Amino acid sequence: MSDNLELEKRLTRQDVIKGWLYWTFFSHSNYNYERLQATAFAHSMIPAIKRLYGDDPEETKAALKRHLIFFNTAPDIGSVIHGAVYAMEEQRANGRPVTEDAINSTKVGLMGPLAGIGDTITQGILVPILLAVAIGLTGLDAATGGVSGSGNPWGAIMFIVFMLIWHVGVHYVAFTQGYKQGRSLATSLFKSGLLDKVVVGASVLGNMVLGALSASFVVVYVGLRIEAEGTTLALQTDVFDKLLPGLLPLVTVLLCWWLLQRGMHPITLLVIIIVVSFIGAYPFFGPEPMWVTDACGSSIFQPYAACTYPAAG
Amino acid sequence: MINRALAKREISNPVRIALLVMTVIIAINIPNIAHGLTVVQETEAQPTQINLFQAALVGILYYLASSPWLFGSSFYTIYRPLAAGLLVGFVFGDPGQGALIGAAINLVYLGFISAGGQIPGDPALAGYVGTALALAGGLDYGTALTLAAPIGLLGTIVWNARMTVDSVFVHMADKAADEGSTRGVILANVLYPQIWLFLITAVPVTIALWLGGGFIIDLINGFPVWVLHAMAISGGILPAIGIALNMRFIFRGSAIPYFFIGYFVFVTSAGAVPLTVIAVIGGALAVLHVTLLGDRVSSVTKPEKAPKTSEGA
């Protein structure tokens with residue numbers, strides 16, 4: 001936009017900031033099945049529309065309608081589109097050959113790829129890794145069931161503050177740079193290979209953290225004991241722990257992943273796990289009356305690891 | 001000149017990386033340090049009933065989690081159960097314990113991702129209501145987690161009500177655009193949908209917690225031992241879903257081995273190597289991995305099959 005100086009109608013810095021704020025705040029205010037973020041897009045265009053077409057009611061109407069079409073993208077990185085459309089509207093208002101079709105195709109063409117990238121980086125990688133670290137900081141302990149000791153609130157506070165800064169910062173940079181560089185920014189973003197590096201690097205880090213998280217919070221403990229010929233074989237300590245420490249939680253996580261990969265709905269999986277837990281907790285092997293029986297050694301599974309068996313006798 | 005510049009660069013790079021790593025370690029541990037400084041006296045506050053004031057605060061917080069008022073970043077911050085637990089903890093006077101329970105509930109929603117306007121369950125509802133019930137009833141985290149899972153499923157009703165009715169406001173925006181009224185578009189994007197959102201989030205949660213909270217807590221505390229054990233057992237297995245959902249995005253290609261490294265470092269050290277340290281090691285390995293891959297990095301990120309991001313609830 002080297003010829004910006006020659007433009008008769010110009011957007012001020014304030015207009016761009018306003019547009020950014022409107023989009024940052026209200027991108028999902030009226031999220032709906034029909035057109036998703038359509039009204040939010042139109043809302044964020046209003047500072048530009050007022051400045052550029054404020055004195056022309058017909059153009060105002062046309063511009064508002066133009067931006068009320070179906071729109072959906074990642075709110076943070078996607079604001080590149082808003083910045084670019086600000087620049088295009090500015091050109092159009094000054095009689096440059098920017099057609100309505102060109103604006104629409106920019107929006108439609110960029111919103112899909114940017115949604116994919118934005119959702120993967122923010123929702124798929126950054127939020128879970130930060131959450132995992134913050135969860136680790138709260139002092140949650142699977143071995144005790146979280147009843148002993150008090151939690152540390154600072155991990156959660158760190159999570160909120162960090163995500164807030166990230167969200168607002170990425171929004172601002174994407175919006176203002178989108179305005180300055182137009183749609184070429186999005187193209188160069190995809191071509192540079194930087195995003196690939198970020199995704200691969202974050203996958204490595206994410207896998208480490210998820211692995212540690214599985215080990216620390218997924219608890220599958222078999223309480224069953226087999227008594228034969230005078231000796232007792234505790235399945236957990238005598239079999240599974242000897243095969244490989246942490247074998248059952250690992251198998252559980254990998255099984256869940258495999259089932260989800262195969263297309264199982266997470267809610268189905270959730271119901272299966274709850275049903276299996278109830279069957280596993282029922283004290284089939286305990287003395288009567290069963291509804292007051294402790295799980296120790298009387299059911300297939302056992303809550304948490306700590307459980308002292310009653311003295312044999 | 002060129003040589004000098006190159007030499008300067010070569011010297012400064014390792015220093016820069018070392019500084020960066022140190023900064024990361026210190027930044028990650030700030031919450032731990034802050035916790036050590038703030039924990040002076042621990043009062044075991046154990047309210048047994050949820051009063052109207054507390055119920056209303058939790059209801060309003062749940063509304064805020066879906067609202068745009070926090071720079072539009074609610075969805076990435078206070079919509080997550082960890083943050084929800086912290087805030088509910090403040091309401092009940094024990095942010096540490098609240099964050100702990102929120103962290104536990106969050107494990108199920110670790111892989112939570114919304115793409116194209118579909119969500120599998122509602123982490124915020126599970127987080128706010130689940131933590132409130134757990135804190136008021138003194139439940140342990142496994143029970144809280146199992147209780148929160150079905151509540152989260154109820155949340156999809158709220159989401160659908162929002163997404164469906166919001167479509168009406170799009171047509172109001174259309175009408176406003178026809179009249180060239182920018183104010184009308186803003187009202188349709190902000191005011192009407194937010195009133196509706198408040199009605200379907202804050203109001204039912206307040207009523208349910210106020211009138212039904214004590215009932216649910218009494219019900220749970222009256223459960224037989226083995227049912228409580230079943231809830232604790234499923235509380236140990238359910239985090240596998242959250243982890244597995246997230247694994248669909250990153251558990252692939254050359255990053256897979258790192259999952260097992262993270263898992264067995266944690267298992268064999270029995271938690272002596274904390275999650276934060278594993279995250280820092282993961283960061284170092286990520287840099288190493290990306291550097292060694294070099295230009296082949298883009299061939300890694302091309303998945304054979306794109307992950308199914310939408311659950312189609």
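How many residues of chain A are in contact with chain B, and how many of chain B with chain A? In this predicted model, 120 residues on the chain A side meet 127 on the chain B side. The size of an interface is often given as the accessible area lost when the parts come together. Here that comes to about 11200 Å² buried between chain A and chain B, with carbon and sulfur atoms giving 75% of it. On the chain A side, the residues that lose the most area to chain B are A:Y33, A:Q123 and A:M208, but together they make up just 7% of what that side buries.

Polar links cross the boundary too. The rule finds 20 residue pairs in polar contact across the interface of chain A and chain B, counting pairs with both residues at pLDDT 80 or more. As for where chain A offers its surface, the elements giving two or more residues to the side that touches chain B are α1 (13–26), α2 (38–53), α3 (57–66), α5 (100–137), α6 (154–181), α8 (194–217), α10 (247–261) and α11 (266–281). Of these, α8(A) supplies the largest share, 20 residues. Sorted by residue type, the chain A side that touches chain B splits into 73 nonpolar, 37 polar and 10 charged residues.

Now for the charged pairs. Side chains of opposite charge can pair when their charged atoms come close. Over all chains, the structure holds 7 salt bridges, and the count between chain A and chain B is 2. One of the cross-chain pairs joins A:K65 to B:D178, where the closest N and O atoms sit 2.7 Å apart. Another salt bridge brings together the side chains of B:D174 and A:R35, also with an N to O distance of 2.7 Å. This pair runs from helix α6 of chain B, where B:D174 lies, to the loop between α1 and α2 of chain A, which holds A:R35. B:D174 is partly exposed, at 22% relative accessible area, while A:R35 counts as buried, at 14%. The pairing is also part of something wider, as A:E34, A:R35 and B:D174 are linked in a network of salt bridges.

Within chain A, what do the side chains of A:D15 and A:R51 form? They meet in a salt bridge, 2.7 Å from N to O. A:D15 belongs to helix α1 and A:R51 to helix α2 of chain A, so this bridge ties together parts that are 36 residues apart in sequence. The two ends differ in setting: A:D15 is buried, with 4% relative accessibility, and A:R51 is partly exposed, with a relative accessible area of 43%. A more local pair is made by A:K61 and A:E58, whose closest N and O atoms are 3.5 Å apart. These residues are 3 positions apart in helix α3 of chain A, so about one helical turn separates them. A:K61 is partly exposed at 25% relative accessible area, and A:E58 is exposed at 52%.

B:D166 tells another story. This residue lies in helix α6 (residues 141–178) of chain B. What is the nearest side chain of opposite charge to B:D166, and how far away is it? That side chain is B:R162, 4.1 Å away, and B:D166 is buried yet has no salt bridge. The 4 Å cut-off for a salt bridge is why a distance of 4.1 Å to B:R162 does not count as one. Leaving aside residues up to four places away in sequence, B:D166 touches A:S29, A:N30, A:Y31 and A:N32 from chain A, along with B:P193 and B:W196 from chain B.

Stepping back to chain B as a whole, the chain has 12 helices and 0 strands. Of its 313 residues, 54% count as buried. Among contacts in chain B with a separation of 6 or more, 76% come from residues 24 or more positions apart. One example of a link between distant positions is given by B:F112 and B:L245, which are 133 residues apart in sequence but 7.2 Å apart in space, C-alpha to C-alpha. B:F112 is placed in the loop between α4 (95–108) and α5 (123–137) of chain B. Although in a loop, B:F112 counts as buried, at 2% relative accessibility.

Conventions: Residues are numbered from 1 along each chain as its sequence is written. Chains are lettered from A and ligands numbered from 1 in the order in which they are written. This is a predicted model: local features need pLDDT of at least 70, side-chain atom pairs count only at pLDDT 80 or more; totals for chains, interfaces and linings use all residues. Side-chain values use heavy atoms; hydrogens and water are left out. Contact means heavy atoms within 4.5 Å. Buried area is the accessible area (1.4 Å probe) that two parts lose on being put together, summed over both. A polar contact is a pair of N or O atoms within 3.5 Å; within protein, one must be able to donate a hydrogen and the other to accept it, and residues adjacent in sequence count only if both atoms are side-chain atoms. Helices (H or I, at least four residues) and strands (E, at least two) are DSSP runs, numbered from the N terminus. Ala, Val, Leu, Ile, Met, Phe, Trp, Tyr, Cys and Pro count as nonpolar, Asp, Glu, Lys and Arg as charged, and the others, Gly among them, as polar. Buried means under 20% relative accessible area, exposed over 50%, partly exposed in between (1.4 Å probe, protein chains only). Lys and Arg count as positive and Asp and Glu as negative; His and the chain ends are not counted.
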